[in-house]
Amino acid sequence: MAESAQYEELVRQFSAFGAVKREMNRLMPPDCPSGSAAVLTVLGRDGDMRMSRLAELLSVDMSVTSRHVAHLAERGWIERSPDPADKRSRILRLTPAGRTRLDELFRLTTQLLAERLCDWSDEEVGRLTQLMARLRSSFGDPRTVPRQAPSALEQTTRTPAST
């Protein structure tokens, strides 16, 4: 098991990683902010789904998901059709224009990573990919893990405003 100092450095690196995410978000075209790009990505990866499922996969509130879906539908990148199993619900799907937009976004982010990591070896990029996948796996799928009572650490670090 790693030493405490290693975990402390890892926390610092996670905090600094926000700069990487911000730069990737700045790359997004003005008509497709990062939240909308996330919706396109999920629909492109997982296929047609209800809005409630999309909200689960994005781990965001339904109202946030609804705003992103409306934004994308206005641009013709997704369509909403009645769910045959429940006429009150809608099924979301990428349109051909949405697929094209998603492909463009993927190309932009891939190009940015290729530029920023140009001095990395293929082995280093592969290792980073493996380690990031392992890290995500270590945290599990938050949608399937039952919510637990706060740990002792969480209870001692909470402020009155966050309880």
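This is a short talk on the sheet, two of the helices and the largest pocket of this structure.

Okay, hi everyone. Before anything else, keep in mind that this is a predicted model.

Let me start with the sheet. What order do the strands come in? The order is β1-β3-β2, in an open sheet of 3 strands with antiparallel pairing. β1 and β2 sit at the edges with a single partner strand each, so each has one side left without a neighbour in the sheet.

Now the pairings themselves. β2, residues 78-83, is joined to β3 by 6 bridges, and these two strands form a hairpin with 2 residues between them. If you want to find that on your screen, look for Asp83, whose bridge partner in β3 is Asp86. Pro82 also has a partner in β3, and that one is Arg90. Over on the other edge, β1 is just residues 49-50, and 2 bridges join it to β3, residues 86-94. There, Arg50 has Ile91 as its bridge partner in β3.

Next, what packs on this sheet? α2 does, touching β1, β2 and β3, and its direction makes about 95° with that of β3. Then there's α4, which lies across β2 and β3 and runs at about 115° to β2.

Those two helices also meet each other. The axes of α2 and α4, the latter being residues 62-74, come within 9 Å and cross at roughly 80°. Angles of 65 to 115 degrees count as roughly perpendicular, and α2 and α4 are therefore roughly perpendicular to each other. Who's touching whom? From α2 you have Gly35, Ser36, Val39 and Leu40, and from α4 you have His68, His71 and Leu72. By class, the residues of that contact are 3 nonpolar, 4 polar and no charged.

Right, last stop: the largest pocket. How much space lies in it? About 2,500 Å³. It's lined by 49 residues, and the closest to its centre are Phe17, Lys21, Met24, Met132 and Arg136. The elements giving two or more residues to that lining are α1, α2, α3, α5 and α6, so α2 turns up again here. Which helix gives the most? That's α6, with 12 residues. As for the chemistry of the lining, we have 28 nonpolar, 10 polar and 11 charged residues.

That's my tour. Thanks, everyone.

Notes
Residues are numbered from 1 along each chain as its sequence is written. This is a predicted model: local features need pLDDT of at least 70, side-chain atom pairs count only at pLDDT 80 or more; totals for chains, interfaces and linings use all residues. Side-chain values use heavy atoms; hydrogens and water are left out. On a 1 Å grid over the protein atoms alone, a cavity is a set of points where a 1.4 Å probe fits but cannot get out, and a pocket is an open set with protein on both sides within 12 Å along at least five of seven lines; lining residues have an atom within 4 Å of a point. Grid points are joined across faces, edges and corners, and a volume is the space filled by probe spheres set on the points. Helices (H or I, at least four residues) and strands (E, at least two) are DSSP runs, numbered from the N terminus. Ala, Val, Leu, Ile, Met, Phe, Trp, Tyr, Cys and Pro count as nonpolar, Asp, Glu, Lys and Arg as charged, and the others, Gly among them, as polar. Axes are lines fitted to C-alpha atoms, for helices over the stretch in contact, and angles run from 0 to 180 degrees between N-to-C directions. Angles under 35 degrees count as roughly parallel, over 145 as roughly antiparallel, 65 to 115 as roughly perpendicular and the rest as oblique. Contact means heavy atoms within 4.5 Å. Two strands pair if DSSP finds at least two bridges between them.
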